[in-house]
Amino acid sequence: TTLLGANGAGKTTTLKAISGILRAERGEVCKGSIEFDGERIDGLPPHEIVKRGIVQVFEGRRVVEHLTVEGNLTEGIDLVYSYFPVLKERRSQQSGYLSGGEQQMLAIGRGLMSRPKLVMLDEPSLGLAPMLTEEIFRIVRRLVEKERIAVLLVEQNAALALDLADHGYVIETGRIV
């Protein structure tokens, strides 16, 4: 599923609400509720939401730059390397010296470590060359098809996002329109 909208429409806030980190930023879900697998999850701390199978890959390729690739990937490393073989080649390299595309692969790989049911990707193409963006999206498609992982994608590149998605929604000032 892809969530589209202008800057400031509430796309990232939606992901933060689902992952439970909105409260850490002094935000809150004030209307409705958030459910996953038939269970209400709003109000749960982020680590409990991860335990239920939801992970968020944040905008901006947040990696621990001073750690090596392998240091960023502690569990589930074989799965990550099977989808991102370039990371295996660079496993002893400090993450801060990876290219933007490799850092995005690492950020997604870190999200896969817990074997999630749902991965929320926030602007995975941000700052990447078109060829790298297409590669990332091909890998995401394979994850959906082979690993049966659900993806909630927030993306500015509407054409690419909708090509990947089964469902698309447009958000405008916090409301699905």
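1. Helix α1 (residues 11–19) has Lys11, Leu15, Lys16, Ala17, Ile18 and Ser19 as its buried residues. The model is a predicted one, and the remarks below should be read accordingly. The cover over the buried residues of α1 includes the strands β1 (2–4), β4 (54–57), β5 (118–122), β6 (150–154) and β7 (168–172), together with helix α2 (46–51). Just after α1 comes Gly20, with a positive phi of about 85°.

2. Ile41 sits in the loop that runs between β3 (39–40) and α2. Its relative accessibility is 1%, and buried means under 20%, so Ile41 counts as buried. Leaving aside neighbours within four places in sequence, Ile41 is in contact with Ile18, Ile34, Glu35, Phe36, Ile49, Arg52 and Ile54. One of these, Ile18, is among the buried residues of α1. Leu15, also buried in α1, is 26 residues from Ile41 along the chain, and the C-alpha atoms of the two are separated by 13 Å.

3. On the nonpolar cores: the largest has 33 residues, and those with the most contacts inside it are Leu73, Phe84, Leu87, Ile108, Leu112 and Leu121. Two or more residues each are given to this core by β4, α4 (77–83), α5 (85–89), α6, β5, α7, β6 and α8 (158–164). A second core, separate from it, has 16 residues, including Leu15, Phe36, Leu118 and Leu152. In soluble globular proteins, nonpolar side chains tend to be buried together.

4. Leu87 is one of the residues with the most contacts inside the largest core. Not counting residues up to four places away in sequence, Leu87 touches Val69, Leu73, Val80, Tyr81, Glu102, Met105 and Leu106. Leu73 appears both in this list and among the residues with the most contacts in the core.

5. Helices α6 (residues 100–112) and α7 (residues 130–147) pack against each other with their axes 10 Å apart and at an angle of about 20°. Angles under 35 degrees count as roughly parallel, and α6 and α7 are therefore described in that way. The crossing of α6 past α7 is right-handed. On the α6 side the contact is made by Gly101, Gln104, Met105, Ile108 and Leu112, and on the α7 side by Leu132, Glu135, Ile136 and Leu143. By class, this contact has 6 nonpolar, 2 polar and 1 charged residues.

6. Some residues link these points. Ile108 and Leu112 of α6 take part in the contact with α7 and are also among the residues with the most contacts inside the largest core. Met105, another α6 residue in the contact with α7, is touched by Leu87.

Conventions. Residues are numbered from 1 along each chain as its sequence is written. This is a predicted model: local features need pLDDT of at least 70, side-chain atom pairs count only at pLDDT 80 or more; totals for chains, interfaces and linings use all residues. Side-chain values use heavy atoms; hydrogens and water are left out. Axes are lines fitted to C-alpha atoms, for helices over the stretch in contact, and angles run from 0 to 180 degrees between N-to-C directions. Helices (H or I, at least four residues) and strands (E, at least two) are DSSP runs, numbered from the N terminus. Angles under 35 degrees count as roughly parallel, over 145 as roughly antiparallel, 65 to 115 as roughly perpendicular and the rest as oblique. A crossing is left-handed if the near helix is turned anticlockwise from the far one by less than a right angle, and right-handed if clockwise. Contact means heavy atoms within 4.5 Å. Ala, Val, Leu, Ile, Met, Phe, Trp, Tyr, Cys and Pro count as nonpolar, Asp, Glu, Lys and Arg as charged, and the others, Gly among them, as polar. Buried means under 20% relative accessible area, exposed over 50%, partly exposed in between (1.4 Å probe, protein chains only). A nonpolar core is a set of buried Ala, Val, Leu, Ile, Met, Phe, Trp, Tyr and Cys residues joined through side-chain atoms within 4.5 Å.
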